[in-house]
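Trainee: I would like to go through the labels attached to this model and ask what each of them rests on.
Mentor: Then let us set each value against its cut-off before we accept the label.

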Amino acid sequence: MTTPKEERRVQDAVRRHARTRAFAEAEDVISAVLSDPGVQVARERVEAAETEFGMELCARLQPFQDRYDQAVAEGDAARLTEVCAGKHGRWGRICVLPDGHETSMEEPHWGRNNEGRPIAWVGSAPDDW
């Protein structure tokens, strides 16, 4: 006969196993979709457009990059908290515009990509394909 404690331990183990399996299956599906040649072509087109748009906006928005770089160099946490907090920074793109810029300035996100090139993008969807 099992005790309530043993039963709870088994139920927890079953839940962990089911969750781990679901995550593994989801990763397999995502990998399959992202490796599709059509998806890769679309990604390349989006990247090219974002890079071109980023270059077009560079002269006007570079001061925001300069302020961001200075705040990072000085460790100015107050100024850094005023910067756009969108999730796009997780994927190698940090928007250097003020928080709320998408509505007040009607600007896309703008900054540098992980290779240091100016880039502009719309939305905050993962862009690490």
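Trainee: What makes the approach of the N113 side chain to the backbone nitrogen of E115 a polar contact?
Mentor: In this predicted model, the side chain of N113 comes to 2.9 Å from the backbone nitrogen of E115, and because a polar contact asks for N or O atoms within 3.5 Å, the pair qualifies.

Trainee: Where does N113 lie, and why is N113 called buried?
Mentor: N113 belongs to the loop between β2 (109-112) and β3; its relative accessibility is 10%, and since buried means under 20%, the label follows.

Trainee: How do you know that E115 and R117 form a salt bridge?
Mentor: Their side chains meet at 2.9 Å, N to O, and because the cut-off for a side-chain nitrogen of Arg and a carboxyl oxygen of Glu is 4 Å, the pair counts as a salt bridge. As for accessibility, E115 has a relative accessible area of 55% and is therefore exposed, the limit being over 50%, whereas R117, with 39%, is partly exposed.

Trainee: Why does the pair D76 and R79 count as a salt bridge?
Mentor: The closest N and O atoms of D76 and R79 are 3.7 Å apart, which is within 4 Å, so the pair is accepted. D76, at 24% relative accessibility, counts as partly exposed, and R79, at 27%, counts as partly exposed as well.

Trainee: What is there to say about R43 and E47?
Mentor: Their side chains meet in a salt bridge at 3.1 Å, N to O, and both residues lie in helix α2, four residues apart, which is about one turn of the helix. R43 has 31% relative accessibility and E47 has 30%, so each falls between the limits of 20% and 50% and is called partly exposed. By the salt-bridge rule, the count comes to five.

Trainee: What makes R67 a charge over the ring of F64?
Mentor: R67 lies over the face of F64, at 4.9 Å from the ring centre, and because the distance cut-off is 6 Å, that value meets it. Aromatic pairs, by contrast, come to a count of zero under their own rule.

Trainee: Which residues have the most contacts inside the largest nonpolar core?
Mentor: That core has 14 residues, and those with the most contacts inside it are L57, L61, F64, C95, V96, L97 and W110. Helix α2 (37-74) and strand β3 (118-121) each supply at least two of the core residues, and the largest share, five residues, comes from α2.

Key:
Residues numbered from 1 in each chain as written. Predicted model: local features only at pLDDT ≥ 70, side-chain atom pairs only at ≥ 80, totals over all residues. Heavy atoms only, no water. Phe/Tyr/Trp six-rings, centres within 6.5 Å; stacked < 30°, edge-to-face > 60°. Lys NZ or Arg CZ within 6 Å of the ring centre and 35° of its normal. Core = buried A, V, L, I, M, F, W, Y, C linked by side-chain atoms within 4.5 Å. Buried < 20%, exposed > 50% of the residue type's maximum accessible area, 1.4 Å probe, protein only. Polar contact = N/O pair within 3.5 Å; in protein donor to acceptor, adjacent residues only side chain to side chain.
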